[in-house]
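Thanks for coming. I will go through the protein surface around the DNA, one strand at a time.

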Number of protein chains: 2
Amino acid sequence: MPSTIRDVAKIAEVSVATVSRVLNRSATVKEGTRQRVLKAIEECGFTYNAIARSLSTRKSVTIGVIVPAITNPVFAQSTKGIQDFANSCGYSIILGNSDYSSKMEDQLVEVFKEKRVEGIVLTCSDIRHEYIQRLKHSKLPFVLLYNIPFDKELNLVTIDNYKAAYEIVEHLIHLGHRRIGMIAGYFNMSDRSLVRSQGFKACLNEHGISFQQRDLIETDLTFEGGKRAMKTLLEVTPPLTGIFCSNDFIGMGAIKTIREKGLRIPGDISIAGFDDIEMASYFYPELTTIHQPAYQMGVKGAELLFKILSGEVEGPRQIILDHSLIVRNSCGPVNQLKQ
Amino acid sequence: MPSTIRDVAKIAEVSVATVSRVLNRSATVKEGTRQRVLKAIEECGFTYNAIARSLSTRKSVTIGVIVPAITNPVFAQSTKGIQDFANSCGYSIILGNSDYSSKMEDQLVEVFKEKRVEGIVLTCSDIRHEYIQRLKHSKLPFVLLYNIPFDKELNLVTIDNYKAAYEIVEHLIHLGHRRIGMIAGYFNMSDRSLVRSQGFKACLNEHGISFQQRDLIETDLTFEGGKRAMKTLLEVTPPLTGIFCSNDFIGMGAIKTIREKGLRIPGDISIAGFDDIEMASYFYPELTTIHQPAYQMGVKGAELLFKILSGEVEGPRQIILDHSLIVRNSCGPVNQLKQ
DNA sequence: GTGTGATATGTAACCGGTTACTGAAAACGG
DNA sequence: CCGTTTTCAGTAACCGGTTACATATCACAC
């Protein structure tokens, strides 16, 4: 039913090759012929079949994108960045949500391979998973986003999570806090969370504060996760005065719990987040957090992927974008009376 | 370089048809032969080429999804719903962001047609756009999400925006408010915003409150848009005591402005939102808003599309999901002293 | 031993584009 | 005006699967 270039060729009384040439502007076609072809295309309502083209050219003009959760604004932003860049290159994106499951990531990669995506931009739970090694040894180019560069041979765009965590915890220490806890994402779901906790511990350590295991809780990277974890941390005695959270969602969830208990922020307890989602500056109290350039992360990731595809870049590239400490007012000086 | 079923066939010493049959379990193949083929596939690292299959079967096993902005959690949720449903049917999704531009929507549809998606789930700025008519007359099945059913012949999943707006404005009126303003999304970017404003006006009218044009401002459906618009509405005299916002983002932006002016919510002014994004219940003050089942919207939309694809459903279906008024504490009784 | 139907497999055309190769026509130079 | 080069267009093979149709094999009944 949908017409093909052979139909067009027949109507315009030219060969299929000529139609193809008009379609691709790939070679010179006499203006008169071109017009005839264009008219024929119009006439029979021809719609180009990108699948046939892909089979023939071995280019799908599509890249795959895997994110843990598109509902997290950080990943929504970077996906938007990838998309904008890809679209500007004439590419489409196939999207997959992994729900922070490496098994799902692996499955999505397999589907993407079958669909012959030309490359993948993915944020995975941990780059040390075995399937990443397999992917590395296949010739399918891919770029990791947000992940920890445990392997220098992988293409990756990220920030320095360790340093960022260190800095924001140090901010709490400078404010006088000594009893600091952390609510982290489950380590097996996010290598970022693991490394942020390492930055957290290192900072405590280097400031002569001993770390207690019960002051660190792993949870879901969601409002609900933060809310739940905070309930547990509130039981700690002597009470913690500052909490570093693995992301802003957790931070906001924690704040909700604290408010429900009738405590004040930052008067009784300071909360630090991570990501600087747009919400963070509209929240009350405005969230002190680490800004990471999410949209840029997507753009840079896509850009790197396309450079690899075009051969402009060869070896592994690891791009570390700048983060910054955003001081707002969810963290304040420790309450000396309570100390 | 990547091997094909012909390579596999050669190694296993069978015909390509047999390999294809093993791959698709489409016909009985003797167990011994099957094993030989499977071994050969393993041996030469064969990866199925979905593109070739698509060309041959005329099924891309892919659907297109168009959203105005994936960074809006409402659309992120519904996209997740679509994705989950599609994946469970073995389908992938191609994603497109339109940035609320109908021109972009149209372009994305064209790309999707070329890529031979089997159907589209889209949220468009206004279903009365000309390209929707064109789409309707092409044989590509599609389902609209969130849009207003101006055209009964279109497949669509939505809520009753008019009624929902009416209800929440009535809630404000019941709280004693008489001077109520609205911050709406630009009407040309969102038919929802237009209809919500109609519900708003109708409610005022039926409660004997005369509507003033200057009390309604159109803006971007973002924090920033709400923040900006609220600055203008704060100039209105006598001051408004309640504001209905087209979505929660706008509501939160408006609250930010109000807080910056040193006014109290809901003491001085009540703010009502729309959407009930997860954030709304973590926000301070917790947002009174209209809940709409975003994830479900995606699931239902995808479900409807697949039913159409399978022929299980024929004529146009319009599914109106339930919304609900969520009363929290960003709206309170009007301050009688100020009245 | 032969006929019959079921089962297993092979052959080759087809999906709808691209493109290498070839030939015809036009342009150009002397 | 003729040979050479350039421009324009056509033929057909190819991309990697699917599948209609044909054929071969086998079991079984009589």
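Let me start with helix 4 of chain B, which gives five residues to the surface near DNA strand D, the most of any contributor. Near means that a heavy atom of the residue lies within 4 Å of the strand, and helices are DSSP runs of H or I with at least four residues, numbered from the N terminus.

A word on the source. This is a predicted model, where local features need pLDDT of at least 70, side-chain atom pairs count only at pLDDT 80 or more, and totals for chains, interfaces and linings use all residues. Residues are numbered from 1 along each chain as written, chains are lettered from A and ligands numbered from 1 in the order written, and side-chain values use heavy atoms, with hydrogens and water left out.

Back to strand D. Of the 29 residues around DNA strand D, the nearest are A:T28, A:T33, B:R6, B:S20 and B:Y48. Of the DNA strand D atoms within 4 Å of the protein, 62% are sugar and phosphate.

Two polar contacts (pairs of N or O atoms within 3.5 Å) stand for the rest here. A side-chain N or O atom of B:S20 is 2.4 Å from a phosphate oxygen of DNA strand D, and one of A:T28 is 2.5 Å from a phosphate oxygen of that strand.

Now strand C. Which helix gives the most to the surface near DNA strand C? Helix 4 of chain A, with five residues. For phosphate oxygens of DNA strand C, the side chain of A:Y48 has an N or O atom at 2.5 Å, and B:T18 has a polar side-chain atom at 2.7 Å.

Note on methods
A polar contact is a pair of N or O atoms within 3.5 Å; within protein, one must be able to donate a hydrogen and the other to accept it, and residues adjacent in sequence count only if both atoms are side-chain atoms. Helices (H or I, at least four residues) and strands (E, at least two) are DSSP runs, numbered from the N terminus.
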